[in-house]
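Student: I've got a model open and I'd like to learn how to read it. Can you walk me through a few features?

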Amino acid sequence: MWGDLFAEAIDVDLLVISAWVDHYEPDPGSMVAVLLERCGLKVGDLRRQLDFSKEPMIRGWVSYPLERLKPPPRWPDQSMTRFKRLAVVESLREPKQESTEKTVFRQLFCLLALMPLHDIECTSVATPLLNTGRQKAEPEQLYPAMMRAVGNGFRHVPDLHKLVIFDLKRQPLDLLCSQIDNKLGRNSLQRISLNQDHQEQLKRLLQTVEAFQEKHGEVANDPALRGYFTNIIQQLRGKEVTLVTLAIEGRKVLEALVAKRLRGRGRELNLYSKIKVLSKDAAVSAWSASAMHTVRTFGNWMGHAPQDENTDVMPQRGVEASDMLLMLYALQRVLSDYPWPIGAKSKPYVKRLPPKPIPPMH
């Protein structure tokens with residue numbers, strides 16, 4: 001994600017920044033200065049709930065919840081960005097002692113792995129491209145070690161569901177995305193962004209999501225669903241909507257809602273089969289079922305789009321405007337129709353035979 005942190009709708013448990021060891025002066029252009037100017041947060045004065053700043057392999061610390069501060073953070077007007085805690089990973093000033101191969105992202109994931117052991121819940125993290133600010137590390141030098149650290153880190157921090165990496169400039173993130181695509185063998189269509197032509201549909205979808213949350217508050221506040229909806233809303237309110245994120249999060253919402261309506265039945269089934277069960281056992285309209293399958297199929301397409309054109313997972317063409325519109329309208333229909341009827345079987349279809357002809361009177 002590129003641009004001003006507070007111009008986006010980033011809602012996470014933890015914001016991580018980098019700094020020189022024991023240096024928390026608000027130098028111009030640093031995140032320390034941004035947090036002081038925009039939120040009134042004096043990073044160097046924050047109380048530390050977890051402090052491994054003296055451990056060479058970590059050199060990082062985590063604050064207490066920011067809501068406990070007196071006064072609490074002064075969030076910028078009109079900004080939806082929020083974070084519950086702040087963490088800092090520190091770097092040595094001496095270049096000979098600090099290698100780009102020993103990326104600060106490895107320090108970050110070491111810190112994240114220790115947080116659950118100290119009863120600090122963290123499922124979502126946002127961070128700039130660490131060490132590319134005042135430390136002036138070149139992004140291209142950090143990326144190989146960074147991708148290794150992130151890949152290993154997610155395996156060792158199972159509670160982490162989301163990592164948002166942001167920067168003021170788009171170019172470094174585009175380069176990072178291309179390297180990740182090459183590493184994973186992903187197709188570039190997975191990073192298509194919706195443009196101005198889709199603004200009306202995106203606005204309607206946002207209204208539908210907000211109406212769903214208001215009408216079905218208990219369902220929407222389920223821990224898993226709340227996270228999915230938050231990600232969708234962040235996308236829809238941001239300046240750039242990434243198709244892959246919207247598609248995958250929409251599919252996750254659908255799967256969670258279908259599982260709720262089945263009330264524990266068919267846990268071993270895949271989503272396709274679960275939708276068939278709903279269609280068979282309940283009075284779910286053909287339109288609703290069709291919309292569900294559209295969301296499911298599009299989510300699969302975006303989540304597993306390989307470059308091999310011989311596979312049957314992805315069509316042998318790029319994503320077109322009509323595909324995007326179908327997905328947006330289908331997700332809107334899925335949410336609008338909820339709760340789909342359950343336990344009320346459709347009336348069986350009875351074939352009516354034409355009446356037998358009356359034999360002629362003789």
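Student: Let's start with Pro71: where does Pro71 lie?

Tutor: Pro71 lies in the loop between β3 (60-63) and β4 (82-91). Keep in mind that this is a predicted model.

Student: What should I look at in the backbone there?

Tutor: Here's the general idea: most residues other than glycine have a negative phi, and most peptide bonds are trans. In this chain, the peptide bond from Lys70 to Pro71 is cis, with omega near 0 degrees. The bond from Tyr338 to Pro339 is cis as well, again with omega near 0 degrees. Pro339 sits in the segment after α11 (321-337).

Student: There's also a Pro65. Where is Pro65 found, and is Pro65 buried or exposed?

Tutor: Pro65 is found in the loop between β3 and β4. Pro65 is buried, with a relative accessible area of 12%; the cut-off for buried is under 20%. Once you leave aside neighbours within four places in sequence, Pro65 is in contact with Gln49, Lys84 and Arg85. Try a C-alpha to C-alpha distance too: Pro65 and Asp13 are 9.4 Å apart in space, though 52 residues separate them in sequence.

Student: Back to phi, then. Which value does phi of Asp22 take?

Tutor: Phi of Asp22 is near 60 degrees, which is positive in a residue other than glycine. You'll find Asp22 in the loop between β1 (11-20) and α1 (31-39). Asp22 is exposed, with a relative accessible area of 54%. Now try Arg59: its phi is near 45 degrees, also a positive value in a residue other than glycine. Arg59 lies in the loop between β2 (48-52) and β3, and Arg59 is buried, with a relative accessible area of 7%.

Student: And a glycine? What is phi of Gly40, just after α1?

Tutor: Gly40 has a positive phi of about 75 degrees.

Student: While we're at α1, which of its residues are buried?

Tutor: A general idea helps here: an α-helix has 3.6 residues a turn, so residues three or four places apart point the same way. In α1, the buried ones are Met31, Val32, Ala33, Leu35 and Cys39. Their cover includes β1, β4, β5 (124-128) and β6 (162-166).

Student: How do I read two helices lying against each other?

Tutor: Two packed helices are described by the angle between their axes and the distance between the axes. Take α7 (residues 223-237) and α8 (residues 243-262): their axes come within 9 Å and cross at roughly 150 degrees. Angles over 145 count as roughly antiparallel, so α7 and α8 are roughly antiparallel to each other. Their crossing is left-handed.

Student: Which residues of α7 and α8 make the contact?

Tutor: From α7, they are Leu225, Tyr228, Phe229, Asn231, Ile232, Gln235 and Leu236. From α8, they include Thr245, Leu246, Glu249, Val253, Ala256, Leu257 and Lys260. The residues of this contact divide into nine nonpolar, four polar and three charged.

Student: Let's zoom out. How many helices and strands has the chain?

Tutor: The chain has eleven helices and eight strands. Of its 362 residues, 45% count as buried. The accessible surface comes to about 20,500 Å², and 52% of that belongs to carbon and sulfur atoms. As for contacts with a separation of 6 or more, residues 24 or more positions apart account for 72% of them.

Terms used: Residues numbered from 1 in each chain as written. Predicted model: local features only at pLDDT ≥ 70, side-chain atom pairs only at ≥ 80, totals over all residues. Heavy atoms only, no water. Axes fitted to C-alpha atoms, helices over the stretch in contact; angles between N-to-C directions. Helix = DSSP H or I, 4+ residues; strand = E, 2+ residues; numbered from the N terminus. Parallel < 35°, antiparallel > 145°, perpendicular 65-115°, else oblique. Left-handed = near helix turned anticlockwise from the far one by under 90°. Contact = heavy atoms within 4.5 Å. Nonpolar A, V, L, I, M, F, W, Y, C, P; charged D, E, K, R; others polar. Buried < 20%, exposed > 50% of the residue type's maximum accessible area, 1.4 Å probe, protein only. Areas by Shrake-Rupley, 256 points an atom, 1.4 Å probe, with all protein chains shown as cover.
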